[in-house]
Amino acid sequence: QQNNKPYNLKEVLNKPERLAPGHRMCAGCGGTVTVRTVLRALEEGDKAVIGNATGCLEVSSFMYPYTAYEDSYIHNAFENAGATLSGVETAYNVLKKKGKIKDNYKFITFGGDGGTYDIGFQSLSGAMERGHDMVYVCYDNGAYMNTGIQRSSATPMYADTTTTPVGSVSVGKQQNRKDFFHHKKFKFNTSAKASNGRDWHS
C-alpha cells in the first residue's frame, strides 16, 4: 500500500507504462510482467534510474543505443549491478544536497539469479552493507537461462540442468539452494510473485 491507500488493480493498470512495447522479451515472459509491475509501484511523479545486470532481461530490453525503458537506464556488467546503482544513488544524494538536483529519484536494479546469487554477489553484498536506498529485484528463474540453463546457486537441490543433468550417474544439483537474503541491514526483504501485483505494492 502506498500512502496508506488500499491496493486497487484497476488504478494501477491505468498508470502510464514505463517499459515501452517493442522489446524482444518472449510473449508472456515473467520477467516482463515483473518489470512492469515493479515500475507501476512507483508514484507517478517519481523519476527512476533503472540498472540491469547482463542477462536475458537486459539483452531483450536493451540494444545500444535503444532501450525499452522510459526512465533513465544503465546496462551494467553481470557482476556489478549493486555497485553501479549504489554509486549512482550516492552521486544523486551529493548533488541533491548541493541543490543541483530538485527532482526525487528512485533507484531500482534488476538481476537474474546468476547475476545476483553468483557473479554479482560481491557488489550486492557491499551495497547491502552500506545501506543504500535502492531496490534490488532478483528475477530468479532457478538457473542461467540466457546461456543454456546451467545451474546457479539459486537452483534448487536435485534440479536437472545442463551442468547438473539427472541420470544414471547424477541426481541433479547436489547442493542446497543458497539462502542469503536475510541480511540484518535489509530495510525490507520479501519474495513476490509476478502474478500477484499486491506483492509489489506493500
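**Exercise 1.** Which residues of α2 are buried?

*Solution.* Keep in mind that this is a predicted model. Start with the helix itself: α2 covers residues 30-40, 11 residues in total. Next, pick out those under 20% relative accessible area. That gives you G31, T32, T34, V35, T37, V38, L39 and R40. With eight of the 11 residues buried, α2 is largely enclosed by the rest of the structure. Now look at what does the covering: α1 (9-13), β1 (47-53), α3 (56-61), β5 (105-112) and β6 (135-139) are among the elements involved.

**Exercise 2.** Find which element gives the most residues to the largest nonpolar core, then follow the contacts of I50.

*Solution.* The core has 17 residues, and the members touching the most others are V35, L39, I50, Y69, I108 and F110. Two or more residues come from each of α2, β1 and β5. Of these, α2 gives the most, with three. Turning to I50, skip its neighbours within four places in sequence; what remains in contact is L39, Y69, D71, S72, Y73, I74, L85, I108 and F110. Don't stop there, though: a second, separate core of 11 residues has A53, L85, Y92 and L124 among its members.

**Exercise 3.** How many disulfides does the structure hold?

*Solution.* Zero. Try C56 as a test case: the nearest cysteine sulfur belongs to C29 and lies 6.0 Å away. A disulfide needs the two sulfur atoms within 2.5 Å, so C56 is in none. As for accessibility, C56 is partly exposed at 38% relative accessible area, and C138 is also partly exposed, at 22%.

Note on methods. Residues numbered from 1 in each chain as written. Predicted model: local features only at pLDDT ≥ 70, side-chain atom pairs only at ≥ 80, totals over all residues. Heavy atoms only, no water. Buried < 20%, exposed > 50% of the residue type's maximum accessible area, 1.4 Å probe, protein only. Helix = DSSP H or I, 4+ residues; strand = E, 2+ residues; numbered from the N terminus. Contact = heavy atoms within 4.5 Å. Core = buried A, V, L, I, M, F, W, Y, C linked by side-chain atoms within 4.5 Å.
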